[in-house]
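These are my notebook entries on a structure I went through site by site. I began with the metals, then turned to the rings, the cores and a few single residues.

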Amino acid sequence: MKYGTRMGNAAKARNQCSIVGIFDNGQLTPSAKQIDEESKGYLRKILKRGDFKGKANQIMVLHDVPGTTATRVMLVGLGNPETMDAARFATAAKAAIGRLKTLSAKTILCCLTDVDVPGRDVAWRTTRLVEIFGGGLYRFTEFKGKPPENGNEIEVIDFHAADKAEQELVDAAVSSTVALVTGITVAKDLGNTPGNVCTPTFLADKAKEIASTYRSITTKVIEEKEMEKLGMGAFLSVSRGSLQPGKLIVMTHKGGKAKDAPHVLVGKGITFDTGGISLKPGAGMHEMIYDMCGAASVFGAMVAVAGQNLPINVIGVVAAAENMPSGDASRPGDIVKTMSGQTVEILNTDAEGRLVLCDALTYVDKFNPSTVVDIATLTGACIIALGAHATALYANDDALASALLNAGEETLDRAWRMPLWEDYQAQLNSAFADMANIGGREAGSITAACFLARYAKKYRWAHLDVAGTAFKGSGPTKGSTGRPVSLLVQYLKDQASNAPKGRNSAKA
Ligand code: BES
Ligand code: MN
Ligand code: ZN
């Protein structure tokens, strides 16, 4: 599959399907107008008949439209032009790619780049289209006995530009978004890979593979023995119940100057979360293969950042372990010492994410980070609070919080800020240790964030609880969503353009 751009009259493209938008008041987008003119009013005639009204997400596929060289023209309803917005544009694009997959067209021209969306320019529209089309074409077939029938056979998708000046913008957006889609695909594949295959060692190997693919990336894996020396008692209390050794994986993208403080991403990489001795109920436990989606998003972001050659330094750290019950597993009531020196009373072994993350957060202080963002499927309570639409955002720095919120709005991969107030900290009080690893039934996502905040005091830090957004546990669209790779990459891109200049030469 290749993505490209195409300039010129939309009616003159020799492809197997051209996709154009039409509003519900009969207003044609510029490319639809071109096709209508070349076909002597064919589209208007269809509209008049009334079957296709341009209602939001309505689709009609026409064959052999007179005066056009494409074999098919797909009309995509855009709804009311007065109320057009980013969300509606995205759902229209999803409807288009959904229908496209049912056709046997191999060469596509997408003209939705010319849809007027208030406040969003052609670069934004192209970026979202490539991301949505790329996401829509994703399939996870690695574990099927034989490749499934009716796999889509699309070979080329070109995005339409009105003129030379626009083509440059469309072209740049396509190529950087192809790198983003590659990263999102990496995140989805890792998320969907089952726990018997995707172990901490598997993730460490994946990091090495990425380092050998991208010249800007190097990697280092910290083994349990070294973690012992570093005093990572909390991390090791989680991995000890499993036959799979835990790994702390460090990936470095050098795009900035050597002395530029890095942006650090830290991912929760629990490759399977049984709950440990505080065993989870059986129903739905299989969803815990997704408990490494935070880590998967770090891998995805690193791949995208390297693919886009961002001129900043980024360090991705993955805390990878399996949470298992066994004769050597941690018991509820155990007290462990973290790398920070603070002690933790483990009242529930199922609150393991914060235990691996707290030591990783202490570890990353050695990089003198500019910012640290951790990403974790941390709490079921987060899903109760925000559902599947928004990622929960916590931060000890307002500028960092708004940078992340803005990146979410830009990419439609949205986050919503939650409080990190001191008032909640008391819920973590422990009789015998410096803190407990759970804070009771109330405000579970917040108290988990409060726990992490105690290990992130030395730098600007944010925490993204992606328990509700990183995957869909069941249903026809089951699987990893790739979130919040898009948010993270946008955030890093914004940091790169704000950073003092010092562009690196083209690499990889
Ligand atoms: N991985 C889970 C959180 C989770 C639940 C993610 C459902 C995605 C979907 C986490 O390790 C966990 O078990 N959290 C506990 C914390 C509790 C014991 C304080 C939870 O949310 O129930
Ligand atoms: Mn758990
Ligand atoms: Zn977990």
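**Entry 1, the metal pair.** I looked up the two ions in this predicted model and found the manganese ion (ligand 2) and the zinc ion (ligand 3) 3.1 Å apart, with Asp273 coordinating both. For the manganese ion (ligand 2), I listed as protein donors Asp273 (OD), Asp350 (O), Asp350 (OD) and Glu352 (OE), which lie 2.0 to 2.2 Å from the metal. Along the chain these donors of the manganese ion (ligand 2) follow the spacing D-x76-D-x1-E.

Which geometry should I note for the manganese ion (ligand 2)? The angles among its six donor atoms run from 71 to 168°, which makes the arrangement irregular.

I then took the zinc ion (ligand 3), which is coordinated by Lys268 (NZ), Asp273 (OD), Asp291 (OD) and Glu352 (OE) at 2.0 to 2.4 Å. Here too I have six donor atoms, with angles of 78 to 176°, and I recorded the site of the zinc ion (ligand 3) as octahedral. For comparison I kept in mind that the ideal angles for six octahedral donors are 90 or 180 degrees. The spacing of the donors of the zinc ion (ligand 3) along the chain is K-x4-D-x17-D-x60-E. Within that pattern, Asp273 sits in strand β9 (residues 263-273) and Asp291 in the loop between β9 and α9 (293-307), so that the pair, 18 residues apart, links distant parts of the chain.

**Entry 2, burial of the donors.** I checked the accessibility of the donor residues and found that Asp273 is buried, as is Asp291. Glu352 also counts as buried, at 1% relative accessibility, whereas Asp350 reaches 21% and counts as partly exposed. The value for Asp350 falls on that side because buried requires under 20%.

**Entry 3, aromatic pairs.** A search of the whole structure gave me eight aromatic pairs. In one of them, Tyr290 and Phe471, the ring centres are 4.7 Å apart and the planes meet at 10°, so I entered the pair as stacked. Tyr290 lies in the loop between β9 and α9 and Phe471 in strand β18 (residues 471-472), so this pair ties together parts that are 181 residues apart in sequence. Both rings belong to buried residues, Tyr290 with a relative accessible area of 3% and Phe471 with one of 10%.

I also noted Tyr363 and Phe367, whose ring centres are 5.9 Å apart with planes at 80°, so that pair is edge-to-face. Tyr363 is buried, with a relative accessible area of 4%. Elsewhere, Tyr3, Phe133 and Phe159 form one aromatic cluster.

**Entry 4, nonpolar cores.** The largest nonpolar core has 61 residues, and I noted Leu203, Phe299, Val318 and Val373 as those with the most contacts inside it. Helix α9 gives the most to this core, with 11 residues. Which residues does Leu203 touch, not counting those up to four places away in sequence? I listed Leu190, Cys198, Ile249, Thr271, Met292, Phe299, Val318 and Ala320. There is also a second, separate core of 52 residues, which includes Met232, Val250, Val264 and Ala360.

**Entry 5, helix α3.** I compared the length of helix α3 (residues 86-100) with expectation: at 1.5 Å a residue its 15 residues should span 21 Å, and the end C-alpha atoms are 21 Å apart, which agrees. Its buried residues are Ala86, Arg88, Phe89, Ala90, Ala92, Ala93, Ala96, Ile97 and Leu100. I traced what these buried residues of α3 pack against and found β2 (17-22), β3 (59-63), β4 (72-77), β5 (107-110) and α4 (122-136).

**Entry 6, two residues of helix α1.** Buried or exposed was my question for Ser31, which is found in helix α1. With a relative accessible area of 1%, Ser31 is buried, and, leaving aside neighbours within four places in sequence, Ser31 is in contact with Ala10, Val20, Cys111 and Asp114. Lys33 is found in helix α1 (residues 30-38) as well, but Lys33 is partly exposed, with a relative accessible area of 40%. I closed by looking up one distance, that between the C-alpha atoms of Lys33 and Ala11, which are 22 residues apart along the chain and separated by 9.2 Å.

Technical notes
Residues numbered from 1 in each chain as written. Chains lettered and ligands numbered in written order. Predicted model: local features only at pLDDT ≥ 70, side-chain atom pairs only at ≥ 80, totals over all residues. Heavy atoms only, no water. Donors = N, O, S within 2.8 Å, 3.2 Å for Na, K, Ca; no water. Tetrahedral: all angles 85-135°; square planar, octahedral: opposite > 155°, others 65-115°. Helix = DSSP H or I, 4+ residues; strand = E, 2+ residues; numbered from the N terminus. Buried < 20%, exposed > 50% of the residue type's maximum accessible area, 1.4 Å probe, protein only. Phe/Tyr/Trp six-rings, centres within 6.5 Å; stacked < 30°, edge-to-face > 60°. Core = buried A, V, L, I, M, F, W, Y, C linked by side-chain atoms within 4.5 Å. Contact = heavy atoms within 4.5 Å. Expected span 1.5 Å × (residues − 1).
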